[in-house]
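User: I am new to reading structures, and I would like to understand how the words used for them are justified. Could you take me through this one step by step?

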Number of protein chains: 2
Amino acid sequence: MTAYDRLAARFARMATLGEASSVLSWDAATMMPTGGGVARGDQLAVLAGMQHTLLVAPGVDEDLAEAEAAEETDEWRTANLRLMRHAYTRATALPPDLVEAEARANSACEKVWREARRLSDFAMVRSHLEEVVHLAREAAAALASALDLDPYDALMDGYQRGMRTTDVSQVFSDYQAFLREALPRAEERQARNPAPLRPAGPFPIAVQEALCRRIAERLGLDFAHARLDRSAHPFSGGTPTDVRITSRYDEADFTQAVLAVVHETGHALYERGLPSAWARQPVGEAAGMAAHESQSLIVEMQACRSDAFLAWLGPELHAAFGGQAVPYGSANLARMWRRVGRSLIRVDADEMTYPAHVILRFQLEQALVAGSLTVADLPGAWNDGFHSLLGIEVPDDRRGCLQDIHWYDGAFGYFPSYTLGAMAAAQLMAAARRSVPGLDAALERGDLAPLLGWLRSNVHGKASLLEFNELLSQATGKPLDPSDFKAHLAARYLS
Amino acid sequence: MTAYDRLAARFARMATLGEASSVLSWDAATMMPTGGGVARGDQLAVLAGMQHTLLVAPGVDEDLAEAEAAEETDEWRTANLRLMRHAYTRATALPPDLVEAEARANSACEKVWREARRLSDFAMVRSHLEEVVHLAREAAAALASALDLDPYDALMDGYQRGMRTTDVSQVFSDYQAFLREALPRAEERQARNPAPLRPAGPFPIAVQEALCRRIAERLGLDFAHARLDRSAHPFSGGTPTDVRITSRYDEADFTQAVLAVVHETGHALYERGLPSAWARQPVGEAAGMAAHESQSLIVEMQACRSDAFLAWLGPELHAAFGGQAVPYGSANLARMWRRVGRSLIRVDADEMTYPAHVILRFQLEQALVAGSLTVADLPGAWNDGFHSLLGIEVPDDRRGCLQDIHWYDGAFGYFPSYTLGAMAAAQLMAAARRSVPGLDAALERGDLAPLLGWLRSNVHGKASLLEFNELLSQATGKPLDPSDFKAHLAARYLS
């Protein structure tokens, strides 16, 4: 057995434990009775500990060095080895005491945050968040030193490898300038259009669920390798041969269920399209959180909210729910599901203003990690920043800096992925349209196959072979660039 | 940290991995799309491998020796340490090559067996079973030498610690003599009674499922720590704080669903009643497979099929399904659910003839392990033995020696547990009746609480503190003894 083969076997074992964790996490969110929660936490902690132990075990460093010294011509194996080294460097950069302290502080803070958010009481969680930020800064410094990166970049790299603040800042400033001009125009145009008609409910949940399943199948999800279930918050999980998406249902409105399912189906199709020859190896994994978000958003925002797809979807909805046909016309669905507006809550934001929510968080978390913003000053900085970006006042912290779980759970550097993903989705869609004839004609038949085929070749099948920007360059001819996203928004909301 | 504490932490870790496996196995049987099967097999194999590695790791032997040498007065800790040593001895007795060869051979044989059973073609699976038996004999010899037991006893010990062939043979001969005389009398008496009336269906599956859930709750299962789902074969799984039972449903007949749920609820109540202070330690586990079966059968056969409980259950069934009331009378339910008869299939057998099915397998598997019966001669020996025990001819191997998965999956020594459990259930029920006033009066109200309270104190709460016979002795005043079981059958079928 060569050093590379030993490493490959080790990483496969780690990935297999990761699959077990993934299914157990899915179960915790969908099936588990509440009384199982404490034991489940232990199970997941033991599995995570075992994965970590396997990664930092004696001999791994020597195997990495030996494999790196061996001649290697296969680009997949070369990339795989590079990613193994990267994972090893990240895992060994943090002293075990710090990892434990972070786990404890994050878990404690997150619990208090739930209550603080409910009561809109930032003071209640402040000292917990201070500890979380303190430890995150320590971790960022340790990772930065091991990876030779700036501290915030070292954190961002944990969610989307290769992403750097300089690139992100530039893309985000460009977008801010666009938004300042575009948002008022989009609002004006929207105000001139008729208000959307709301289809008359109720919409029985069993009917919604069966419809969502049919839509996911139509989009290309094969239920011999997938499930659709219910959870408090929609998500996509499971493993590449057993992907599990969830949605939530409201009898009064099917919007949320349907849009969540098409979004999660995008994530699931990515996992299903990863190359099975590289399963359970670092190079065979999805390319990062921004890449993943690009795949959910290309399906949801680019494909399924397009005029073409809505022309197919409307009659499907009408057939499922009955009642008057007019609200299910594609023009009305477009008015219903493509509205812009200045709102306080990120997860409810439309695709044009969503990046503003992300930009605010990107700026604030950089400052928190740099130490130039204290936790005590966070609510004020949030409210000022929000007003400056979207021109509205934040009435309370519940709808301000307490709204998202991320920071309170120790996740700094994640937020940019959402908007980088949205931009990448537009860029990939534009490239797919250029190279796949009949892509939109197929969407009019509810047929995603041409788009999916192109994504299989250009994104899914590449897994983690390339860095995010290189993946985009090979697929679209350029690294991440906001111009296709801006063009998409202009076409949809300004013309 | 003392040696004992190190061992306790190690066994807790192993048990936590075991919990993960248990939930993943439940998922595989209830939720998993077929396409997830291959990856799930890998996940379970890796988890089993990690548990094994933790158990046989360097230093464990030394820790055991050090802990054994230390003074210890707490009986739970003493028993826990003894069970750790026992687990270690079993795990280190088998060379890794043999364990792997067994896993491969069992898995291959089981696959072929599915087809061979369908086609009733023993020749098809014969060579596979020969290999399985060959390896099982090797394993039995290795375990026997490590545990200082006879080979077959060493296998049986893996399912029910402390059970020995000499005890089992005596109990089984005693029962054979009883059956020879009792079965014809029970059949005669049954023939004189009116045939049971079948309630008129269909019985909508959603109604059955909701009813089954209510019954399980009524029996004491708390759904904050439990689930009820569907699977091809009913089972009980999960973990002590998150027990998961399953059933299967037939719209034409609710019998199977209801009886499976009460049976599995018995298993689940045992797991729920294990002492939480000893969770994840060997001494905190259920006392073995015979002990477990005693808990499902005391709920199903002793409590729920009693006249008292049927008097409560009948009106519940009638309220759920409607239609005529007469078939739901307790006398008719008793005639329906307490019939004896000579049948070919173990899993369909009634409680009086079921032991004959087990005795046949016990005799044949002893001979296979001893080498006095060849696989080639198995079908003939089966058919002869079956005729001699129950007086009927076996028409084909599908309904003969191909019917059960156990041997084809390498499980030798398991079968006796079923009947030892049935006997223990009767013995425990008799003791509970003696010491709990109003036990049957409570059953007439569908109230299992008095019985359950007694079981909590005398069985569940003892976990693995005592060997099976000692557990029975402390609870009932005597080790396993078939007389209460015979008395139960005589009262139910002969008087």
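Analyst: Gladly; please keep in mind that this is a predicted model. A good place to begin is chain B, where three strands form an open sheet in the order E1-E3-E2, with mixed pairing.

User: What makes strand E1 and strand E2 of chain B edge strands?

Analyst: Strand E1 (226–230) and strand E2 (236–239) of chain B each have a single partner strand, so one side of each is left without a neighbour in the sheet, and that is what places them at the edges. From one strand to the next, the twist averages 20°.

User: How do you know that E1(B) and strand E3 of chain B pair, and in which sense do they run?

Analyst: At least two bridges are needed for two strands to count as paired. E1(B) and strand E3 (residues 242–247) of chain B have five bridges and therefore meet that condition, and their pairing is in the parallel sense. In E1(B) and E3(B), Arg230(B) stands opposite Ser247(B).

User: Which helices pack on this sheet of chain B?

Analyst: Helix H1 (residues 3–30) of chain B packs on the sheet and touches E1, E2 and E3 of chain B, its direction making about 140° with that of E2(B). Helix H10 (residues 255–273) of chain B also touches E1, E2 and E3 of chain B, and its direction makes about 165° with that of E3(B).

User: Why are the two copies described as related by a two-fold rotation axis?

Analyst: Chain B is superposed on chain A by a rotation of 180° with 0.0 Å of shift along its axis, and the RMSD is 0.0 Å. The two copies are thus related as by a two-fold rotation axis. The same surface serves both copies, since 100% of the contact residues of chain B recur in chain A.

User: How is chain A divided into domains, and what shows that they touch?

Analyst: The domain assignment of chain A gives domain 1 (3–156) and domain 2 (160–495), and their centres, taken over C-alpha atoms, are separated by 26 Å. As for touching, 43 residues of domain 1 of chain A are in contact with 41 residues of domain 2 of chain A. Several helices of chain A each supply at least two residues of the side of domain 1 that touches domain 2, among them helix H4 (75–93) and helix H5 (96–119). H1(A) gives the most to that side of domain 1 of chain A, with twelve residues. The residues on this side of domain 1 of chain A divide into 26 nonpolar, seven polar and ten charged.

User: Why is Pro450(B) called partly exposed?

Analyst: A residue is buried if 20 or more other C-beta atoms lie within 10 Å of its own, and exposed if 12 or fewer do. Pro450(B) has 19 such atoms within 10 Å, a count that falls between these two limits, and is therefore partly exposed. Pro450(B) is found in helix H18 (residues 449–458) of chain B. Leaving aside its neighbours within four places in sequence, Pro450(B) is in contact with Val436(B), Gly438(B), Leu439(B) and Ala442(B).

User: In chain A, what makes E2(A) and strand E3 a pair, and in which sense?

Analyst: Again, at least two bridges are required. E2(A) and strand E3 (residues 242–247) of chain A have four bridges, so they count as paired, here in the antiparallel sense. In these two strands of chain A, Gly238(A) stands opposite Val243(A).

Notes:
Residues are numbered from 1 along each chain as its sequence is written. Chains are lettered from A and ligands numbered from 1 in the order in which they are written. This is a predicted model: local features need pLDDT of at least 70, side-chain atom pairs count only at pLDDT 80 or more; totals for chains, interfaces and linings use all residues. Axes are lines fitted to C-alpha atoms, for helices over the stretch in contact, and angles run from 0 to 180 degrees between N-to-C directions. Two residues are in contact if their C-beta atoms, placed from the backbone, lie within 7 Å. Copies are superposed by least squares on the C-alpha atoms of residues with pLDDT of at least 70 in both. Domain bounds come from an automatic or database domain assignment. Ala, Val, Leu, Ile, Met, Phe, Trp, Tyr, Cys and Pro count as nonpolar, Asp, Glu, Lys and Arg as charged, and the others, Gly among them, as polar.
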